[in-house]
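Here is a short tour of one protein model, with a stop at a sheet and a stop at a pair of helices. Have a look at the structure first, then read on.

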Amino acid sequence: MRAVFAVPERTKRIKNGLGYQDQGLLKADSYRLFPANGGRQTTVYLGGKMEMKTKSEDVKSKEVSRRSFLTKGATGVVAGGAAATGMFAAPAVHAQPAPMVLKMQTSWPSSDIWMTFAQQYVDRVEAMSGGRLKIDLLPAGAVVAAFQVLDGVNDGVIDIAHSVPVYWYGKNKAASLFGTGPVFGGSATTMLSWFYAGGGEEFYRELTQDVMGLDVVGLLGFPMPAQPFGWFKEQVNTVADIEGFKYRTVGLAADLLQSMGMSVAQLPGGEIVPAMERGVIDAFEFNNPSSDMRFGAQDVAKNYYLSSYHQASESFEFLFNKSLMEDLEPDLQAILRHSVEAASTSNTALAMDNYSSDLQKLQDEGVEVHRTSKEILAAQLEAWDKLIPTLEEDPFMKRVLDSQRAWVERVTFYELMNSPDYQLAYEHYFPGKLKL
């Protein structure tokens, strides 16, 4: 019996003018076979002819495609050649394919709790792939700016992004409909359900691939709690109180709040506190108590208003380079996709634990926590009423909004009719604690 050793000849794959890092088996173009008895080495070329030669034998096998080689592995190729020629009774291949390393960048600073949320996705991909996939997780700015990860994924500079669709509002306003559009009464869970069961995923594919012409696949995960109205230096209880404020938000919420008399600046999370300190803005929202506390919101404002209709149904976006996804084996594609669903559950648990405990910490540090007044909430709905007809002048946006309205009308009717009054139960067991 002859033992055969397979050694990868590593090369770089070129895509969009960018050289991928050498990543072992999945990036290799050829393998060398070394018979243990000292015979002549053989090179197996992926996508070309496989030739096996020793001192006394010269055998040619059929063509081996790159995909079939990766599917069967080096063992399958060598064993197949041996079976065809009778050269080896039981070849032994001593080569383990190196994991494929994917570069994933977020839109969040390294200190944000959302980096931990993204890490939960990474952990699940690596565990379910059995080590065949590794993900290099990077914070905003490591490769591209926070608002540029869509371009980074499209261009192949990064393989995956962890962000939110509203950040592409500047490229196409319709992106904001996928999480930060008008609130017809549905929660983030309602709208995430619309994405996967109500046609939203196909609408998003149409937007990103057909309308915007991007080489990306976008999936949503983790239905976020409604975003707070935000941080103010003084109390705000009426619409008149917020007029003239220089306020940070993003997406269609900018259009909404500008119509209510605010002046809006769209900034990444990491730039908010410095902008407050310089007087560029004098009020802001980001997303949740944990993220807000970590970047120091409590150091520049002391009035924190929870509850708002400006961004009440958002989820994370997971962006993948489409060409890369299609090059992967079906099981690895499935792992990348379904890990979004798995992380969505773990993210929810992490959020409920941290957001609630960090809200208490903020209160302990002297932050006044308020619930946004009904006057301001009602004014937000009226502002949406005026904005929606303008949005619907775009045929694509009208189709999306029609679909969302129909979904919410049916699904939220069930949700509201079926849900007990949780506030009644809470006040029964914790009397006097809730101040609405």
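## Two helices that cross

Keep in mind that this is a predicted model. Let's start with a helix pair. Helix α2 covers residues 114-128, and it packs against α11 at an angle of about 140°, with the two axes 8 Å apart. Angles over 145 degrees count as roughly antiparallel, so this pair misses that label and α2 and α11 are oblique to each other. The crossing of α2 past α11 is right-handed.

Which residues of α2 and α11 make the contact? On the α2 side, look for W114, T116, F117, Q120, Y121, R124, V125 and M128. On the α11 side, you'll find I335, L336, S339, V340, A342, A343, S346, N347, L350, A351 and Y355. Sorted by class, the contact of α2 with α11 has 13 nonpolar residues, five polar ones and one charged one.

## A six-stranded sheet

Now for the sheet. It's an open one with six strands, and reading across you get β14-β13-β15-β12-β16-β18, with mixed pairing. The edges are β14 (263-265) and β18 (368-371), each of which pairs on one side only. Helix α11 shows up again here: spanning residues 330-364, it packs on the sheet and touches β12 (230-232), β16 (303-306) and β18. The direction of α11 makes about 150° with that of β16.

## Who pairs with whom

A bit of background: strands of a sheet pair through backbone hydrogen bonds, either parallel or antiparallel. What sense does the pairing of β13 and β15 have? Strand β13 (residues 246-248) and strand β15 (residues 283-284) are parallel, with two bridges. Y247 has A283 of β15 as its bridge partner.

Further along, β12 and β16 are antiparallel, and three bridges link them. One bridge to look for takes F232 to N303 in β16. Then β16 and β18 run parallel, joined by four bridges. Here L306 is matched with R371 of β18.

## The whole protein

Time to zoom out. How many helices and strands are there in the protein? The count is 14 helices and 18 strands. The protein has 436 residues, and 51% of them count as buried.

One last number is about contacts between residues at least 6 apart in sequence: 72% of these join residues at least 24 apart.

How values were computed:
Residues are numbered from 1 along each chain as its sequence is written. This is a predicted model: local features need pLDDT of at least 70, side-chain atom pairs count only at pLDDT 80 or more; totals for chains, interfaces and linings use all residues. Side-chain values use heavy atoms; hydrogens and water are left out. Two strands pair if DSSP finds at least two bridges between them. Contact means heavy atoms within 4.5 Å. Axes are lines fitted to C-alpha atoms, for helices over the stretch in contact, and angles run from 0 to 180 degrees between N-to-C directions. Angles under 35 degrees count as roughly parallel, over 145 as roughly antiparallel, 65 to 115 as roughly perpendicular and the rest as oblique. A crossing is left-handed if the near helix is turned anticlockwise from the far one by less than a right angle, and right-handed if clockwise. Ala, Val, Leu, Ile, Met, Phe, Trp, Tyr, Cys and Pro count as nonpolar, Asp, Glu, Lys and Arg as charged, and the others, Gly among them, as polar. Buried means under 20% relative accessible area, exposed over 50%, partly exposed in between (1.4 Å probe, protein chains only).
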